[in-house]
Amino acid sequence: AYTNLSPGAYTFRVKASNDDGYWNEKGTSVKIMILPPFWMTRWFWGGLISLIAILIYAGVRIRIRSVKRESIKLEGMVEERTSQLEAANKELEAFAYSTSHDLRSPLRHIGGFLELLQIEAGTGLNKKSRHYMDKISQSTHKMGQLIDGLLSFSRMGRQQMMSQHVNMEHLVREV
């Protein structure tokens with residue numbers, strides 16, 4: 001019995017003698033071919049490499065398809081959220097517009113009556129009362145500016161937005 005023979009071609013030669021002790025010098029031979037196990041063949045390794053390449057390719061394709069699907073899903077979510085934000089902005093603009101107009105009229109009345117009071121009272125008011133009237137006048141003026149700002153804010157939403165490139169690195173450094 002021969003074990004652990006490497007794959008290849010072998011020649012088995014036999015010389016024998018008969019009962020008289022006569023040797024056959026020529027002998028006889030048998031050619032034996034030892035085949036490698038299947039896992040040591042070129043076909044096996046070629047198939048294995050091909051299978052690995054196909055699996056890698058399939059994995060990459062599945063991942064790309066998954067990323068594309070996720071991207072489409074996220075784009076849909078962004079579009080939905082954008083439309084919600086646009087609706088909220090429109091509501092906010094409408095609120096700011098109506099509020100500024102609703103506040104402007106009473107404020108003008110207060111300012112007008114204060115002016116009439118200052119003209120009528122003139123110098124007849126004491127220093128403390130004039131100080132209070134000046135404070136009321138300053139406050140109505142400041143509130144008028146705030147209402148004008150609110151009105152400007154409500155108009156901004158109606159203007160077309162301009163896009164421009166922003167250097168985020170510079171912006172972050174600045175902040």
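Hi everyone! Let me start with a word I'll use throughout: a helix here is a DSSP run of H or I with at least four residues, and helices are numbered from the N terminus. What we are looking at is a predicted model.

With that word in hand, find G122 on your screen. G122 comes just after helix 1 and takes a positive phi of about 55°.

Now step back into the helix itself. Helix 1 covers residues 42-121, which is 80 residues. From the first C-alpha to the last, helix 1 reaches 113 Å, close to the 118 Å expected at 1.5 Å a residue.

Next comes helix 2, residues 127-156. Why do we say its span agrees with expectation? Helix 2 has 30 residues, so at 1.5 Å a residue it should span 44 Å, and its end C-alpha atoms are 43 Å apart.

How do helix 1 and helix 2 sit relative to each other? Their axes come within 9 Å and cross at roughly 155°. Angles over 145 degrees count as roughly antiparallel, and helix 1 and helix 2 are therefore roughly antiparallel to each other. Their crossing is left-handed. As for the residues of this contact, 15 are nonpolar, eight are polar and four are charged.

Let's see who is tucked away. In helix 1, the buried residues are E93, A96, T99, S100, R104, L107 and L114, and they pack against helix 2. On the other side, helix 2 buries M133, T140, G144, I147, L151 and S154, and helix 1 is part of what covers them.

I'd like you to zoom in on one of these, S100, in helix 1. Is S100 buried or exposed? Buried means under 20% relative accessible area, and S100 has 1%, so it is buried. Setting aside neighbours within four places in sequence, S100 touches I147, L150 and L151. Two of those names may ring a bell: I147 and L151 are among the buried residues of helix 2.

For contrast, let's visit T28, which lies in strand 2, residues 28-34. Exposed means over 50% relative accessible area; T28 has 51%, so it counts as exposed. Which residues does T28 contact, leaving aside neighbours within four places in sequence? They are F12, R13 and V14. Take V14: it is 14 residues from T28 along the chain, and the C-alpha atoms of the two are separated by 5.4 Å.

That's my tour. Thanks for listening!

Terms used. Residues numbered from 1 in each chain as written. Predicted model: local features only at pLDDT ≥ 70, side-chain atom pairs only at ≥ 80, totals over all residues. Heavy atoms only, no water. Helix = DSSP H or I, 4+ residues; strand = E, 2+ residues; numbered from the N terminus. Expected span 1.5 Å × (residues − 1). Buried < 20%, exposed > 50% of the residue type's maximum accessible area, 1.4 Å probe, protein only. Contact = heavy atoms within 4.5 Å. Axes fitted to C-alpha atoms, helices over the stretch in contact; angles between N-to-C directions. Parallel < 35°, antiparallel > 145°, perpendicular 65-115°, else oblique. Left-handed = near helix turned anticlockwise from the far one by under 90°. Nonpolar A, V, L, I, M, F, W, Y, C, P; charged D, E, K, R; others polar.
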